Amino acid sequence: MSGPKRQLSIGYAPLNDAAPLIMAHELGLFGEFGLDVRLQRQSSWATARDLLTIGALDASHMLAPVTLATHDEHGDPALCAPLVLSLCGNSIVVSRPLFAEMLKIEPQAGVDIHATARALAGIARTKRNAGGPLLKFGVVFRQSNHLFDLRRLLRSGGADPDTDLALAVVPPQETERFLEQGLLDGFSAGEPWGSHAVSRGFGVIVASGKDLWPNRIDKVLAFPAGFEIRHPETMLNVMQAVMAASVWLDSSESNRRAAAGILVDGGYIDSPVDTVQRGLVGRVERLANSITQPDVDYVVFHRYGAGFPWHSQGHWLAKELQSSGALQGGDVSELVSRIFRTDLYRKAAEASGLPWPRHDAKPEAQHDQNWQVQARRLGSDGTLVDEYIAMAPDRRFED
Amino acid sequence: MTVPLKLLIVDPDDERRDRLLAALKRETLIHAIVVNDTLGVHALVDEFDPDMVIVAAQTAARDSVEDLRGLGAAASGGKSRPVVMLVERLSAAEAEDALRAGVTAYVVEDLDLARIRRVMDLATAQFRVFGELRRNLDRAHADLADRKTIERAKGLLMKRRQLDEDAAYKLLRAAAMNQGRPIAAICKELLAAEALLGGGDL
């Protein structure tokens with residue numbers, strides 16, 4: 001091949017957290033690196049995964065756990081994830097009848113996360129003991145934080161998600177009909193789908209990813225394994241462009257608002273701009289017409305070292321995959337380090353003048369206060385500068 | 001004696017679905033049912049207990065179908081029929097060919113390979129006729145128009161402000177970032193303003 005690969009197909013799912021990819025395209029950041037990118041909407045995570053593995057997509061917006069659970073015919077990882085696209089940004093939604101039932105048990109359900117967990121778990125247990133249909137939730141894909149969040153919520157309330165919960169994989173755009181027909185009691189999905197349910201009036205957001213575990217990994221930018229060897233410069237440049245978009249997204253509320261407009265007007269997401277904006281600027285209405293506490297960290301793109309593929313987050317994801325049967329047991333360290341390519345992140349950060357964490361792992365879920373991690377950056381004079389990256393509290397609600 | 005193959009087709013595109021059905025009708029011993037979404041899949045899968053599910057790759061219902069592997073049959077009377085992805089029965093190249101055309105399939109594990117192949121040949125051919133998703137094609141056309149606009153605006157800046165190509169592009173990109181608007185929109189306005197100011201030679 002002559003010269004580096006400049007024409008690329010990159011997949012995205014029509015969700016708020018595709019914003020770093022879409023803004024890298026729309027703001028001309030890919031163009032600045034001479035990249036000619038075609039963004040291709042993906043309707044199915046399984047298809048995006050398969051298109052990556054056969055090389056029909058060069059990169060894609062992807063559920064982080066999928067990268068750890070996808071291997072080739074020799075059992076080697078088929079994907080790699082050198083850049084995290086987003087932290088949190090998802091919602092757990094219940095039908096209005098289920099919410100009414102929860103309120104009877106726990107008047108603070110929907111407001112206090114522990115009350116929500118107790119109410120949901122209580123109902124799940126009661127249904128199972130009655131021998132009738134189980135409490136049934138929809139998720140977009142099994143290898144997802146959406147499922148892990150739901151399982152943690154029920155477990156902490158005292159239910160066993162393996163026996164007390166029925167699951168169905170249902171695309172978010174169909175959840176309204178499933179809820180209306182009583183085929184589902186709720187669902188767990190990325191924004192804008194929680195806000196969509198609330199603004200359409202068929203659901204109530206009872207928990208966000210942020211409520212359950214602030215700043216945990218959600219989506220990544222996945223590449224086919226070996227892309228970094230075949231097209232090192234291209235991969236570096238794609239990452240640099242996306243990182244610049246993430247910095248831009250996290251630098252002001254007005255940028256988030258502008259992004260919501262572009263995601264909708266550009267035809268990337270089919271929801272009304274008001275619905276998309278709620279999640280992106282962190283003004284999520286949980287009940288229709290309720291007053292909400294703004295939360296700028298409802299979804300995070302760059303702050304708190306968000307882009308770095310922390311091995312400690314990868315370990316946790318791998319453990320969750322193991323406990324839900326999607327990954328074989330055993331030590332996951334090697335698997336995580338082969339897929340969560342911190343070395344490639346550092347290269348891209350260095351080339352962009354952005355700081356990178358010095359260690360591959362961080363203490364997880366132990367902080368009630370702001371904290372910091374050691375970092376380095378390439379100074380403008382070409383020397384390495386030691387500094388810190390500011391981090392936010394990351395305590396999980398059940399701990 | 002061969003029993004009819006029970007085939008479930010999941011595709012939201014009415015026209016493509018009907019054409020595939022028409023092509024399959026010419027085949028004997030195929031009993032096909034079509035649905036267009038996940039709700040349809042859920043309503044049918046236990047009752048119909050298909051031997052093979054053909055699903056459009058670019059439809060959200062595919063994730064639901066992938067998750068139903070082996071479940072439908074087990075629920076309908078206890079006879080467990082493990083279901084596998086197409087790639088586990090056909091060669092990687094054949095499965096890839098179908099996927100590139102926009103279709104994939106799930107089959108019961110013991111289904112005759114010749115029948116799988118015959119159905120997939122028809123499906124792949126039909127999907128190929130329909131080509132890429134209109135949405136992605138429309139985007140490609142818009143992107144092409146945008147690229148031309150950006151090139152012209154860049155040329156204008158280079159000429160008017162004596163900038164090299166990189167500097168001109170950076171200026172436009174910085175304006176897009178500062179204003180929170182697509183770079184193509186910035187460029188369009190610049191060209192429109194230039195036309196008003198009488199610089200119509202570009």
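The following exchange introduces a predicted model of a structure with chains A and B.

Biologist: How many residues does each chain bring to the contact between chain A and chain B?

Modeller: The size of an interface is often given as the accessible area lost when the parts come together. Here chain A and chain B bury about 3400 Å² between them, with 48% of it on carbon and sulfur atoms. The contact takes 34 residues from chain B and, from chain A, 48 residues.

Biologist: Which three residues supply more of the area that chain A buries against chain B than any other three?

Modeller: The area in question is the part that chain A contributes to the contact with chain B. A share of 16% of that area comes from A:Glu32, A:Arg38 and A:Ile54.

Biologist: How many salt bridges does the rule find across the interface of chain A and chain B?

Modeller: Side chains of opposite charge can pair when their charged atoms come close. One salt bridge joins the side chains of A:Arg49 and B:Glu66, at 2.9 Å from N to O. Over all chains the structure holds 52 salt bridges, and across the interface of chain A and chain B the count is seven.

Biologist: Why does the salt bridge of B:Asp37 and A:Arg177 join two chains?

Modeller: The side chains of B:Asp37 and A:Arg177 meet at 2.3 Å, N to O. B:Asp37 lies in the loop between β2 (30-35) and α2 (38-48) of chain B, whereas A:Arg177 belongs to helix α9 of chain A, so the pair joins two chains.

Biologist: How is the side of chain A that touches chain B divided by class?

Modeller: Polar contacts between the two chains come to 23 residue pairs, both residues at pLDDT 80 or more. Elements of chain A that each supply at least two residues to this side include α1 (19-26), β2 (36-41), α13 (232-249) and α14 (253-265). By class, this side of chain A has 23 nonpolar, 14 polar and eleven charged residues.

Biologist: Which residues lie closest to the centre of the largest pocket?

Modeller: The largest pocket has a volume of about 1200 Å³, and its lining divides into 19 nonpolar, seven polar and 13 charged residues. Both chains give elements to the lining, among them α3 of chain A and α5 (92-101) of chain B. Of the 39 lining residues, the closest to the centre are A:Arg49, A:Asp50, A:Thr70, A:His71 and B:Met85.

Biologist: What is the volume of the second largest pocket?

Modeller: The lining of the second largest pocket has 47 residues, with A:Pro14, A:Arg41, A:Ser43, A:Gln173 and B:Ala60 closest to the centre. By class, these lining residues are 22 nonpolar, 13 polar and twelve charged. The volume is about 880 Å³.

Biologist: How much space lies in the second largest cavity?

Modeller: The count comes to three cavities of 30 Å³ or more. The second largest cavity is lined by 16 residues, including A:Leu87 and A:Tyr304, and the lining is divided into eleven nonpolar, three polar and two charged. The space in this cavity is about 120 Å³.

Biologist: Where is A:Pro192 found?

Modeller: Most residues other than glycine have a negative phi, and most peptide bonds are trans. The peptide bond from A:Glu191 to A:Pro192 is cis, with omega near 20°. A:Pro192 is found in the loop between β8 and α10 of chain A.

Biologist: What is the phi of A:Ala365?

Modeller: A:Ala365 lies in the loop between β12 (356-357) and β13 (371-378) of chain A. Although A:Ala365 is not a glycine, its phi is positive, at about 60°.

Key: Residues numbered from 1 in each chain as written. Chains lettered and ligands numbered in written order. Predicted model: local features only at pLDDT ≥ 70, side-chain atom pairs only at ≥ 80, totals over all residues. Heavy atoms only, no water. Contact = heavy atoms within 4.5 Å. Buried area = accessible area lost by both parts, 1.4 Å probe. Salt bridge = Lys/Arg side-chain N within 4 Å of Asp/Glu carboxyl O. Polar contact = N/O pair within 3.5 Å; in protein donor to acceptor, adjacent residues only side chain to side chain. Helix = DSSP H or I, 4+ residues; strand = E, 2+ residues; numbered from the N terminus. Nonpolar A, V, L, I, M, F, W, Y, C, P; charged D, E, K, R; others polar. 1 Å grid on protein atoms, 1.4 Å probe; cavity = no way out; pocket = protein on both sides within 12 Å on 5 of 7 lines; lining within 4 Å. Points joined across faces, edges and corners; volume = space filled by probe spheres on them.
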